[in-house]
Amino acid sequence: MAAGHSLPDKVRKGDARRSRGNRTGFTTGANSAAAAAAATLGLVRGAVPDAVECVLPNTTRVRFTIRDGQVDGDHAHAVSIKDAGDDPDATHGARLTADVRRIRGGGGVVILAGGPGVGVVTKPGLGLAVGGPAINPVPRRNIIDNVRAAGTPILEAGDGLEVTISVPGGEEIARKTLNARLGILGGISILGTTGIVRPYSTAAFRASVIQAIDVAANQGQTCVVFTTGGRTEKCAMRAFPDLDEACFVQMGDFVKAAFTTAVRQGMRHIVVGAMIGKLTKIAQGLSVTHAWREEVDRELIAAAAAEVGAPPALVAEIRAAETARFAAERLSALGLAVAFHRALAGRAIRSLRQRYPGPHRLTVLACNFEGVPIVSVDEADLKETTHA
């Protein structure tokens, strides 16, 4: 983390992140693999263990507590409850459930299926079969690998194993995610490229941003509109009403992930919608704009204010202010909102162009705190378009 400006009697945002917790957690994929391995061991041993050791996609070995273990003939059942650590995750506490069935004469094959609460893929572009379960490739392989390791005696005997992952309440949990926008309906996605969730990395959200861009590209869209949250997305939809819903992607704080994916997918027009705080951080060239990563550059804001004619006394106040919002509100009161946001947007465009080169056209849309468009700035000629 970059060092912040020191203040004698205050803890600045950049320092406070340390108090928010740093306990890691596990992905839905890791918990699914644990439940599946435990149920498989139940078929091998005649009883599901209370805990199981799994190999995560990052090759580390982790011990998971198992609940509700049951064996009934050729069927076994196990549950692993997701602990997301200190990461704000909609799936924290979800009961990742595995039902494993021994298939007599199955030829040593492991079949993976999705049950209730696991989303169904309805659109191309996710790297998953349309109509199949939303279990991503890395956790899919990881689940199967752990099941193979646990079920070696069964598979070597020439039988097969059918693993069904389900998530009670998954459809309700999914309403708090972007799954529906991605075309994943009826439940959550089973995600995780390492198996570990790190605090405030929100790896699942980052993955959903990449997926959303891939889906848009696979639908033939050539324009993508990145926004930092719900209000800015509504703002962008108001500013660009002719675009398909698939074009709008809430990138959150993940600027680098969004732009590198859009460039890789050959998007011809990239629009960014943001309010002053995130807009300034984009202009700073930050790859991740989370409030706890790095402070807003008040010198940059002050320079933009001075450029549009703000009085020197106000510029000094802006330079010392705790928030970017202070500048936006004061300059709006002086009738300088459009000019000020245009100046910031121009800085953001130049930063984005330098960091993410390519043939795409760039547009930045500045929004106010009510989610209303202030000004659009296009890099082609930096002409502004004001919105009513």
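Student: Which residue forms a salt bridge with arginine 101, and how far apart are the closest N and O atoms?

Tutor: Good place to start, and keep in mind that this is a predicted model. Side chains of opposite charge can pair when their charged atoms come close. Here the partner of arginine 101 is glutamate 162, with the closest N and O atoms 3.1 Å apart. Glutamate 162 sits in strand β10 and arginine 101 in strand β6, so the pair ties together parts that are 61 residues apart in sequence.

Student: Where do arginine 325 and glutamate 329 lie?

Tutor: Both belong to helix α13, four residues apart, or about one turn of the helix. Their side chains meet in a salt bridge at 2.8 Å, N to O.

Student: Is aspartate 378 buried or partly exposed?

Tutor: The cut-off for buried is under 20% relative accessible area, so aspartate 378, at 11%, counts as buried. Its salt-bridge partner, arginine 361, is partly exposed at 42%. The closest N and O atoms of that pair are 2.5 Å apart.

Student: How many salt bridges are there by this rule?

Tutor: The count comes to 16.

Student: And for helices, at what angle do α2 and α3 pack?

Tutor: Helix α2 (residues 28-45) and helix α3 (residues 137-150) pack at about 20 degrees, with their axes 8 Å apart. Angles under 35 degrees count as roughly parallel, and α2 and α3 are therefore roughly parallel to each other. Their crossing is right-handed. The residues of this contact divide into nine nonpolar, five polar and no charged.

Student: Which residues does asparagine 31 touch?

Tutor: Asparagine 31, found in helix α2, is buried at 1% relative accessible area. Beyond residues up to four places away in sequence, its contacts include Phe26, Phe64 and Leu96.

How values were computed: Residues are numbered from 1 along each chain as its sequence is written. This is a predicted model: local features need pLDDT of at least 70, side-chain atom pairs count only at pLDDT 80 or more; totals for chains, interfaces and linings use all residues. Side-chain values use heavy atoms; hydrogens and water are left out. Axes are lines fitted to C-alpha atoms, for helices over the stretch in contact, and angles run from 0 to 180 degrees between N-to-C directions. Helices (H or I, at least four residues) and strands (E, at least two) are DSSP runs, numbered from the N terminus. Angles under 35 degrees count as roughly parallel, over 145 as roughly antiparallel, 65 to 115 as roughly perpendicular and the rest as oblique. A crossing is left-handed if the near helix is turned anticlockwise from the far one by less than a right angle, and right-handed if clockwise. Ala, Val, Leu, Ile, Met, Phe, Trp, Tyr, Cys and Pro count as nonpolar, Asp, Glu, Lys and Arg as charged, and the others, Gly among them, as polar. Buried means under 20% relative accessible area, exposed over 50%, partly exposed in between (1.4 Å probe, protein chains only). Contact means heavy atoms within 4.5 Å. A salt bridge is a side-chain nitrogen of Lys or Arg within 4 Å of a carboxyl oxygen of Asp or Glu.
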